Amino acid sequence: MITLSRFCTLNSAALNNMLPRTQDVIRYINNNSISFGPRKYFEIDLLKRPGLSEAAFRYAKSHVELHGPNIREWIEDDSHLDRLYDDSVQYINSLSGRKSSVQKMTPVDRKSVWYESKNIVEFLDIQCSSNDECEYLFRPLLPGCGVVGPSEADIEIGLTLWELKSLSHGFTSYALRQLVCYATLNHMSNNNSYTHIGLCNP
């Protein structure tokens, strides 16, 4: 997580050619990340990963809407998972303009969805544990600016905008640039609500 004021300082340094390279910043972020514990990796089809991650996000969102950001209430309800995955693939296809068919989920795919979804709920639980009146919003809509249309971010928790990236490796500069673009859109809309930005790999 980085404060926006610190990012502006870094940006100013960049204009004067005094900023470390992007890869150095990403290396710093990856080396100073908070971990949930030993990471599990699932052998899944890379073409299915976006749909599975979206299904995990949607399941976590519905869980939090029913039980609040409380990991102790975690349950794995398999009854609607296939439909949730189908809807997620359709959503991903609509964003990318592709028309790939929905492949049936394997048992390993299901485990990866539960694992990622549970980590999202646990992440939200940790962020809200020190605040009884924790305010959060899934998929906050950020207004467009100029030729850039409106965008949906992942999670807003208090004054921090979080981007979730399901990765089998560390964060890349792409993830950081996407998050900074979101924060810039928010700032340019004169909606200065965020003081921090953060990346999470569930």
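Which residue is the bridge partner of Thr160 in strand 7? Select Thr160 and you'll find His196 as that partner. Before going on, note that this is a predicted model, where local features need pLDDT of at least 70, side-chain atom pairs count only at pLDDT 80 or more, and totals for chains, interfaces and linings use all residues. Residues are numbered from 1 along each chain as its sequence is written, and side-chain values use heavy atoms, with hydrogens and water left out.

**Whole chain**

Show everything as a cartoon: six helices and seven strands. Helices (H or I, at least four residues) and strands (E, at least two) are DSSP runs, numbered from the N terminus. Of the 202 residues, 39% are buried, where buried means under 20% relative accessible area, exposed over 50% and partly exposed in between (1.4 Å probe, protein chains only).

**Strand 6**

Now select 160–164, which is strand 6. Five of its five residues are buried, so the strand is largely enclosed by the rest of the structure. Turn on side chains: Thr160, Trp162 and Leu164 point one way, Leu161 and Glu163 the other. That fits a general habit: in a regular strand the side chains alternate between the two faces of the sheet.

Add strand 5, residues 155–157, which runs antiparallel to strand 6 and is joined to it by three bridges; two strands pair if DSSP finds at least two bridges between them. Here Glu156 stands opposite Leu161. Two residues lie between the strands of this hairpin, and Gly158 takes a positive phi near 60 degrees. Strand 7 pairs with strand 6 too, in the parallel sense over five bridges.

**Thr195**

Next, pick Thr195, in the loop between helix 6 (173–188) and strand 7 (196–200). Thr195 is partly exposed, at 34% relative accessible area. Its C-alpha lies 6.1 Å from that of Thr160, 35 residues apart along the chain. The side chains of Thr195 and His196 share a polar contact of 2.8 Å (a pair of N or O atoms within 3.5 Å; within protein, one must be able to donate a hydrogen and the other to accept it, and residues adjacent in sequence count only if both atoms are side-chain atoms).

**Lys165 and helix 6**

Last stop: Lys165, in the loop between strand 6 and helix 6. Is this lysine buried or exposed? Lys165 is buried, with a relative accessible area of 15%. A 2.6 Å polar contact links its side chain to that of Gln178, one of the buried residues of helix 6.
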